Structures are given as structure tokens and as C-alpha cells.
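Here's a quick walk through one sheet and the helices around it. Have the structure open while you read.

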Amino acid sequence: MPTWIRKNCLLCGAASAQDFCVACYHDLPQLPDHHCPVCLWPVPTGEICGACLKKPPAFTRTIAAMRYTFPADALIHALKYQANLAIAPVLAHLFIARLEAVETMPDVIVPMPLHPIRLRERGFNQAMEIARYIAKQTSITLLPDDCSRIKHTLPQAGLPWKERPKNIRKAFSCTMDLSGKHVAVVDDVMTTGATLNELAKVLQRQGAAEISNWVIARALPEIK
């Protein structure tokens with residue numbers, strides 16, 4: 001067997017020419033067939049959900065590669081908390097497959113910024129690692145330093161959902177003129193969308209005309 005195809009599935013360890021064997025790839029947790037195009041919340045009609053109609057977020061749409069449950073959560077945790085940086089391009093590749101149905105690509109990509117304190121603790125920004133690969137594969141301009149996190153907040157994952165918007169308020173700054181631009185914000189996980197919405201507000205103030213959330217996984221209620 002040629003050495004270039006001697007790989008093992010990241011999930012089950014079986015011999016595979018790709019990152020995942022066929023069985024594990026097809027078992028990756030998928031989004032519901034019918035969902036809100038803005039936030040991806042399950043909606044039977046596939047139209048904009050009531051929450052987005054009642055209080056429209058600053059972002060225009062959300063695209064995700066997977067639903068945030070096992071084994072997607074394990075893959076993201078391995079990157080984020082175990083510094084397994086080799087998983088970043090794997091996750092990026094899963095996301096890129098979703099772009100085949102996208103009619104209008106963004107002008108620029110902005111990775112979700114980390115506060116300098118959190119960046120020093122972790123040693124890297126997982127969103128940046130994913131965004132770098134996506135930008136390279138799509139030939140879309142990456143803006144790695146034009147937006148920053150200026151408020152050191154508590155981790156959103158440890159807070160009740162109602163507390164998250166307050167925690168992240170006024171946490172971001174952006175210096176670039178984005179007038180008329182379609183901006184894609186890359187992040188690993190979208191839960192309530194509070195962090196993505198707060199950054200989108202800042203991008204809007206800088207002139208962004210459209211803001212797409214490009215996330216690896218979307219946390220959703222269990223699909224029956």
C-alpha cells in the first residue's frame with residue numbers, strides 16, 4: 001500500500017484514506033433539515049425563527065458544519081483544550097464542504113478574537129487556526145489582527161444563558177473600514193450566539209453590509 005494513503009480514522013482508528021472512515025463520516029452529527037437560516041434553530045418550516053424575528057441579531061446568517069454533540073464536541077475539545085492543532089484543518093475541511101451551496105462568498109474572514117490574557121493561557125486561538133485554513137482553501141482575505149477582544153470576560157460556557165449577553169457586552173473593538181463588505185466570522189462553537197452577535201454589532205458599526213457566522217458546530221436541543 002502506498003504510504004500516502006496509510007491513515008487511520010480519527011474517531012475509530014480504522015484504516016482510511018481520509019480523516020474519517022466512511023461509517024464515522026456519515027455518523028457525524030448533522031443539523032436538522034429544517035432550521036432558521038439566521039441562527040440555525042430548528043424550525044419546521046425552515047423560515048426565520050420567532051426569536052430572530054422578535055429581536056433580529058446583528059449577523060445576517062449562520063452556517064455550521066455539524067451539530068455540537070458527540071463526537072463533534074470531542075474533536076473541538078481536543079483542539080481547544082488539548083492543543084491538538086492538527087485537528088484545526090480537519091474541522092476546517094468539514095466546514096468547507098458546507099460552502100458548496102453558498103451562492104455569495106464573503107469579501108473577508110475575521111476569526112473570533114481571544115483576549116490577550118486568554119491567548120497567553122492557551123497559547124493559540126482555535127478560531128484563528130481554523131480560519132487560516134479556510135481562508136487559504138477559499139482564497140478569501142483573512143483579517144487576523146483587525147478585530148480584538150478588549151474585555152477579559154468570564155468563560156461563556158460556565159454562565160447561564162441569560163447572563164451571557166451581559167458578560168460579553170462591549171468586549172470587542174475593530175479598526176478596519178468594512179464599508180459595504182460581506183464579513184464571515186469564524187468560530188468553533190455557537191451556543192446562544194451572544195458572543196457572535198456582540199462582535200457582529202462592532203462589525204456593523206465599521207460599515208459591514210452582511211455578516212455571516214461560519215462555525216464548526218451549533219449547539220441545539222436534542223433532535224428526536
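Let's start with the sheet: 5 strands, open, in the order 3-9-8-4-5, with parallel pairing. Keep in mind that this is a predicted model. Strand 3 (61-67) and strand 5 (141-142) sit at the edges, and each has a single partner strand, so one side of each is left without a neighbour in the sheet.

At the strand 3 edge, the partner is strand 9 (residues 210-218), which runs parallel to strand 3 and is joined to it by 6 bridges. If you want a spot to zoom in on, find Met66, which stands opposite Ala217 in strand 9. Helix 3 (residues 72-82) packs on the sheet here, touching strand 3, strand 8 (182-190) and strand 9. The direction of helix 3 makes about 100° with that of strand 8.

Now for a helix pair. How far apart are the axes of helix 4 and helix 6? They are 8 Å apart, and the two helices pack at an angle of about 50°. That angle makes helix 4 oblique to helix 6. The crossing of helix 4 past helix 6 is right-handed.

Here is who touches whom:

| Helix | Residues in the helix | Residues making the contact |
|---|---|---|
| Helix 4 | residues 87-96 | Ala88, Pro89, Leu91, Ala92, His93, Phe95 and Ile96 |
| Helix 6 | residues 126-138 | Glu129, Ile130, Tyr133, Ile134 and Gln137 |

Sorted by class, the contact of helix 4 with helix 6 comes out as 9 nonpolar, 2 polar and 1 charged residues.

Technical notes:
Residues numbered from 1 in each chain as written. Predicted model: local features only at pLDDT ≥ 70, side-chain atom pairs only at ≥ 80, totals over all residues. Heavy atoms only, no water. Pairing = 2+ DSSP bridges. Helix = DSSP H or I, 4+ residues; strand = E, 2+ residues; numbered from the N terminus. Contact = heavy atoms within 4.5 Å. Axes fitted to C-alpha atoms, helices over the stretch in contact; angles between N-to-C directions. Parallel < 35°, antiparallel > 145°, perpendicular 65-115°, else oblique. Left-handed = near helix turned anticlockwise from the far one by under 90°. Nonpolar A, V, L, I, M, F, W, Y, C, P; charged D, E, K, R; others polar.
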